[in-house]
Amino acid sequence: MALKTFSCRVLSKLFNHGVIASTNPLSARDAAAAAAVLGRSSVRGYYNAGKPRHTGPGGAAHARVVDLRSDTVTKPGPAMRQAMAEAEKIAADMFHMEAALFVPTGTMSNLIAVMVHCRERGDEMIVGDLSHLHIYEQGGSAQLAGVHATTVTTLPNGTFDLEQLESKIRHGYPDPHYPRTRLICVENTHNIQGGRVLPLTFLQEIRALADRYGLSVHMDGARVMNAAVSQGVPPSTILQHTHTVSVCLSKGLGSPVGTILAGPRDFISQAVRCRKALGGGMRQAGILAAAGKMSLLEMVERLEEDHLQCKNLCSSVEMAAVETNILRFYLQESSLSPPEFCARMAQVGEGEEAALGQGIQVLMYPHFGNSVRAVWHLGISHEDTQLAIQKMQFVASQYSKEKLRAQ
Ligand SMILES: *Cc1c(COP(=O)(O)O)cnc(C)c1O
């Protein structure tokens with residue numbers, strides 16, 4: 001059949017007249033020929049959305065293209081394109097990494113990092129037992145990447161015992177009994193441990209250990225900017241000790257969505273593939289990236305304010321070890337559970353308006369290990385912090401009074 005020689009217009013007529021109908025499948029050879037006419041690779045069975053091969057009937061270079069192949073062929077305009085490239089470039093420069101990639105969430109970013117670092121079946125990573133990666137990401141590394149994890153004990157300041165860490169490294173490869181250790185993951189600041197900042201010496205030691213055994217170091221740096229501000233160093237001083245990092249733009253830095261994954265150039269080009277496979281290849285990401293750019297350029301310095309407020313509150317509840325914007329605390333009254341405490345903080349109690357001059361609702365969550373967590377961010381003013389302190393004192397005194405009355 002000489003379908004190959006037909007022009008697109010003729011082919012479309014054939015479609016219109018039911019000569020070639022979707023309910024009337026072409027033979028494989030005909031389909032291949034039709035595909036060739038339409039500019040589709042019969043091998044991939046997929047239209048290359050980026051570059052139309054046929055400019056139109058006759059293929060004249062100046063012809064108008066009306067691209068009805070899909071609604072996914074829309075492209076970011078110049079401003080969007082520039083915003084995306086800029087956000088990634090700004091991040092890479094800031095972190096002193098070769099390249100960076102904008103991804104939707106921190107969870108996806110960590111998963112991509114694990115997938116790229118642990119590429120072979122049977123690869124293993126070492127993570128802290130209280131890390132976000134291990135606790136809060138649904139075991140995606142096992143579930144979706146097929147990567148085995150072994151844990152080390154997360155110490156109260158977010159670090160690991162280096163001897164324990166070293167003891168977890170597998171040495172058996174290529175003995176078929178063992179997985180092969182590939183990756184060490186650290187978290188900075190540490191979420192569950194209450195925003196703790198990893199000491200630079202610890203990172204240096206981790207990196208030395210990793211280098212000795214040919215392993216990679218990935219930092220879940222969702223809040224690494226808080227760490228940098230707290231330590232008074234540029235983020236690159238922290239990240240010089242890691243191969244890759246994931247940094248959330250959507251937390252203290254205020255973007256509506258987005259995380260930056262950064263690392264060596266070849267790592268990032270692999271990461272682009274993984275991002276697509278995981279459904280994170282966003283089409284019109286320019287607007288989001290523009291927000292991310294603002295986060296990186298304008299929102300870092302103000303993190304200091306969150307840290308001060310957080311410490312402000314903790315001085316009133318005698319909390320130690322608050323280094324950044326997260327306050328994790330335990331209630332002295334063991335009969336008052338974290339959920340009940342949070343409920344009391346969130347509602348306007350009896351006599352509260354008289355005592356405090358107004359009702360104050362303070363929202364916080366019960367957290368890991370029977371604790372309560374409060375996190376400071378750009379939506380919280382100095383006055384808000386003072387109100388939260390007043391409310392805490394009110395809740396505490398009300399609770400003691402009720403307890404006394406009940407006795
Ligand atoms: C929030 C967070 C993540 C995940 O980010 P999402 O954008 O919520 O997926 C990862 N690690 C840490 C330490 C986090 O706090």
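Begin by selecting the residues around the ligand, that is, those whose C-beta atom, placed from the backbone, lies within 6 Å of it: Thr105, Gly106, Thr107, Asn110, His132, Glu187, Asn191, Asp220, Ala222, Cys248, Ser250 and Thr259. The model is a predicted one, in which local features need pLDDT of at least 70 and side-chain atom pairs count only at pLDDT 80 or more, while totals for chains, interfaces and linings use all residues. Residues are numbered from 1 along each chain as its sequence is written.

Colour this shell by residue class, and it divides into two nonpolar, eight polar and two charged residues, where Ala, Val, Leu, Ile, Met, Phe, Trp, Tyr, Cys and Pro count as nonpolar, Asp, Glu, Lys and Arg as charged, and the others, Gly among them, as polar. Next select helix 4 (residues 106-117), which contributes the largest share of the shell, three residues; helices (H or I, at least four residues) and strands (E, at least two) are DSSP runs numbered from the N terminus.

Turn now to the open sheet of seven strands, whose order is 1-7-6-5-4-2-3 and whose pairing is mixed, two strands being paired if DSSP finds at least two bridges between them. Its edges are strand 1 (99-103) and strand 3 (148-152), each of which pairs on one side only, and the twist from one strand to the next averages 20°. Within this sheet, select strand 5 (residues 216-220) together with strand 6 (residues 244-248), which pair in the parallel sense over three bridges; here histidine 218 stands opposite threonine 244 in strand 6.

Add helix 11 (residues 265-277), which lies across strand 1, strand 6 and strand 7 (259-263) and runs at about 20° to strand 1. Contact here requires C-beta atoms, placed from the backbone, within 7 Å, and axes are lines fitted to C-alpha atoms, for helices over the stretch in contact, with angles from 0 to 180 degrees between N-to-C directions.

Move on to isoleucine 287, whose place is in helix 12 (residues 286-298). Its C-alpha atom is separated by 8.1 Å from that of methionine 84, although the two residues are 203 apart along the chain.

Finally, select the open sheet of three strands, ordered 8-10-9 with antiparallel pairing. Strand 8 (326-329) and strand 9 (365-367) each have a single partner strand, so one side of each is left without a neighbour in the sheet. Three bridges join strand 9 to strand 10 (residues 371-375), and the two run antiparallel, with tyrosine 365 opposite arginine 373 in strand 10.

Conventions: Contact = placed C-beta atoms within 7 Å.
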